[in-house]
Amino acid sequence: MKDVLKRAEEKMKKTVQALETDFNTLRTGRASAGLFDKIRVSYYGQETPLDQVASISVPEARLVVIQPWDKSLLGEIEKAIYKSELSLTPSNDGRIIRISIPPLTEERRKELVKMAKHQGEQSKVALRNVRREANDDLKKLEKAKEISEDELQLDTVKIQELTDTYVKKIDAILEAKEQEILEV
């Protein structure tokens, strides 16, 4: 039964981490190296994450500088950024790529908040699925007489408390992201 709780908590932690990773790639009005986490560049025939072929720095609040370790990749990096959903225009000077992050329009901010809320809700659904699986596992253990009915009740309450804790974490992460998006 402890294994059931431990597995449920691990899955819930991973759900929260996945949400944080997704939120890092959501564009706000501020420059961030995390924006480029999902960008892949064709490097010797392989799709390689951008941060493995270049250094990404944020020297100013609205500027990202990408410096590839191999100068021949400048064109590929530019293409990958154009193809991404970021709607950013890279500027290549032959050595580095500069990307100016324009301020977001009010309409775009509202769209991004809606997307963030959707991702947050998807994460909560994932948490509820983990809770359901854990409760099902506990019921199987009780049927197999490995735990008593009282233990089943206690562990079900513990799983619900665990779920509530992680839902609050998701709400806090979502609220922080909304503030970041709506910040002018």
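**Close-up views of a predicted model**

**View 1. Asp164 sits in helix H4.** The structure shown is a predicted model. Asp164 counts as partly exposed because its relative accessibility is 37%. Between the C-alpha atoms of Asp164 and Ile181 the separation is 26 Å. Along the chain these two residues are 17 residues apart.

**View 2. Ile159 is a buried residue of helix H4.** The relative accessibility of Ile159 is 0%, so this residue counts as buried. Leaving aside residues up to four places away in sequence, Ile159 touches Val4, Leu5, Arg131, Ala134, Asn135 and Leu138. Tyr82 is 77 residues from Ile159 along the chain, and the C-alpha atoms of the two are separated by 45 Å.

**View 3. The largest nonpolar core contains 26 residues.** Within this core, Phe23 and Leu138 touch the most other members. At least two residues of the core come from each of helix H1 (2-24), helix H3 (106-143) and helix H4 (149-182). A second core, separate from this one, has 20 residues. Among them are Val53, Leu73, Ile77 and Ile99. In soluble globular proteins, nonpolar side chains tend to be buried together. Leu138, one of the two residues with the most contacts to other members of the largest core, is also touched by Ile159.

**View 4. Arg109 in helix H3 is buried without a salt bridge.** Which side chain of opposite charge is nearest to Arg109? That side chain belongs to Glu106, at 4.5 Å. A salt bridge would need a side-chain nitrogen of Lys or Arg within 4 Å of a carboxyl oxygen of Asp or Glu. A polar atom of the Arg109 side chain does lie 2.5 Å from the backbone oxygen of Ile181. Ile181 is also the residue whose C-alpha atom is separated by 26 Å from that of Asp164.

**View 5. Strands E1 and E2 form an antiparallel hairpin.** Strand E1 covers residues 40-43 and strand E2 covers residues 46-49. The two strands pair over four bridges. Arg40 stands opposite Pro49, which belongs to E2. How many residues lie between the strands of this hairpin? There are two, and Tyr44 takes a positive phi near 50 degrees. In a regular strand the side chains alternate between the two faces of the sheet.

Note on methods:
Residues numbered from 1 in each chain as written. Predicted model: local features only at pLDDT ≥ 70, side-chain atom pairs only at ≥ 80, totals over all residues. Heavy atoms only, no water. Core = buried A, V, L, I, M, F, W, Y, C linked by side-chain atoms within 4.5 Å. Buried < 20%, exposed > 50% of the residue type's maximum accessible area, 1.4 Å probe, protein only. Pairing = 2+ DSSP bridges. Contact = heavy atoms within 4.5 Å. Lys, Arg positive; Asp, Glu negative; His and termini not counted. Polar contact = N/O pair within 3.5 Å; in protein donor to acceptor, adjacent residues only side chain to side chain.
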